[in-house]
Amino acid sequence: MRLFISRPLPEAVLDRARASFDVTVREETSPLSRAEMLTALRDYDAVLPTLRDDFSADVFVEAGAIRAKVLANFGVGYNHIDVAAAKAHGLAVSNTPGAVTDATADTAMTLILTCARRAGEGERLVRSGSWEGWHPTQMLGLHVTGKTLGVIGMGRIGQAIAHRCHHGFGMEVVFYNRSPKQVDLPARQLGSIEEVCATADIVVVATPGGAETTHLIGADAFHAMQPHALFVNIARGEVVDEAALIAALQAGELAGAGLDVYEFEPEVPEALIAMENVVLLPHLGTATLEVRTDMGMLAVENLEAFARDGTLVTPV
């Protein structure tokens, strides 16, 4: 079974893949070009793609005679793959849920604390040589203990963030979810995104990406936020209307934002870069060796199961 892997992965993952398949690893770290996607579909039995490898419906049409039978996505998010089109052309699709939960929740906590305590701004102050020493009113931030957390999307990652905030910082938790959700911590489900934004001191977006959630968070949500509140996105960039976020920050409708993802990634608007009250990370959500290895192992496990009996461990 010939397997095409679209980016370099941790060595342990590649070793396992090579033990089971005839593997070609593309050495570039950039997304696949259209020509590369077509070649992968036509010349390989299986493809292991990842974020920004844009397998859209028209790619499957253009590929014509598709040899591949499975796309084992490296990542829980698969909005870069038109799953319906893939299945219509005879391809099964899997992803890597579970493996990413804790690392992504930890990244959310990094952004919450960095925003609230103005750590990015302070670090830049020290590095610039402009710091003149401690004084009682220097760089006063938001005390997170006992505040109210609002979670948009109470799936695995949303719940992991809520657990950290409630049990670690004594926060009250409110959340919005498209369907009723029972969770194993004290939390109140509210009826709308705007209600969550109006109630919370810190709002975190943890929804999946894709057409159903594109611009889920926009001007109405930001208008509802309290002026001292913070906004954090560790979901997908397109979930947030970036222009509306910039306008709200400029108008003082919220106090700051922490972002790990961007609407037109890797492009980041100059307006966000210029704001001292915005923390910007380069999509670090799952960026630990252990987690990326676990993700890769699950992707390969899906491929092994498919090769064995046509099933998938984590199908989408």
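1. Cavity. The structure holds one cavity of 30 Å³ or more. Its space comes to about 40 Å³. Asn233, Gly237, Val240, Glu242, Leu245, Leu259, Val261, Tyr262 and Glu263 line the largest cavity. A cavity here is a set of points, on a 1 Å grid over the protein atoms alone, where a 1.4 Å probe fits but cannot get out; lining residues have an atom within 4 Å of a point. Grid points are joined across faces, edges and corners, and the volume is the space filled by probe spheres set on the points.

2. Basis. This is a predicted model, in which local features need pLDDT of at least 70 and side-chain atom pairs count only at pLDDT 80 or more, while totals for chains, interfaces and linings use all residues. Residues are numbered from 1 along each chain as its sequence is written, and side-chain values use heavy atoms, with hydrogens and water left out.

3. Sheet. Seven strands make an open sheet, ordered β8-β7-β6-β9-β10-β11-β12, with parallel pairing. β8 (188-189) and β12 (278-280) are at the edges; each has a single partner strand, so one side of each lacks a neighbour in the sheet. Strands (E, at least two residues) and helices (H or I, at least four) are DSSP runs, numbered from the N terminus. Pairing requires at least two DSSP bridges between two strands. β10 (residues 230-233) and β11 (residues 256-259) are joined in the parallel sense by four bridges. Phenylalanine 231 has alanine 257 of β11 as its bridge partner.

4. Helices on the sheet. Helix α7 (residues 156-169) packs on the sheet and touches β6 (148-152), β7 (172-176) and β9 (202-205). The direction of α7 makes about 175 degrees with that of β6. Helix α10 (residues 242-251) also packs on the sheet, touching β10, β11 and β12. The direction of α10 makes about 145 degrees with that of β11. Axes are lines fitted to C-alpha atoms, for helices over the stretch in contact; angles run from 0 to 180 degrees between N-to-C directions.

5. Cores. The largest nonpolar core has 53 residues, and Leu149 and Ile161 touch the most other members. Helix α5 (residues 101-116) gives the largest share of this core, eight residues. A second, separate core of 31 residues includes Ile193, Val196, Val240 and Tyr262. Such a core is a set of buried Ala, Val, Leu, Ile, Met, Phe, Trp, Tyr and Cys residues joined through side-chain atoms within 4.5 Å. Buried means under 20% relative accessible area, exposed over 50%, partly exposed in between (1.4 Å probe, protein chains only). Beyond four places in sequence, the contacts of leucine 149 include Ile112, Ile161, Met171 and Val204. Contact means heavy atoms within 4.5 Å.

6. Threonine 104. This residue is in helix α5. Threonine 104 is buried, at 6% relative accessibility. Not counting residues up to four places away in sequence, threonine 104 touches Ile157, Ile234, Gly285 and Thr286.

7. The loop between β9 and α9. Leucine 216 is in this loop, before α9 (219-224). Leucine 216 is partly exposed, at 30% relative accessibility. Outside its neighbours within four places in sequence, leucine 216 contacts Ile152, Ile193, Thr207 and Val239. Histidine 215 lies in the loop between β9 and α9.

8. Backbone points to check. Most residues other than glycine have a negative phi, and most peptide bonds are trans. Histidine 215 has a positive phi of about 55 degrees. Methionine 139 has phi near 50 degrees. The peptide bond from glutamate 265 to proline 266 is cis, with omega near 10 degrees.

Key
1 Å grid on protein atoms, 1.4 Å probe; cavity = no way out; pocket = protein on both sides within 12 Å on 5 of 7 lines; lining within 4 Å.
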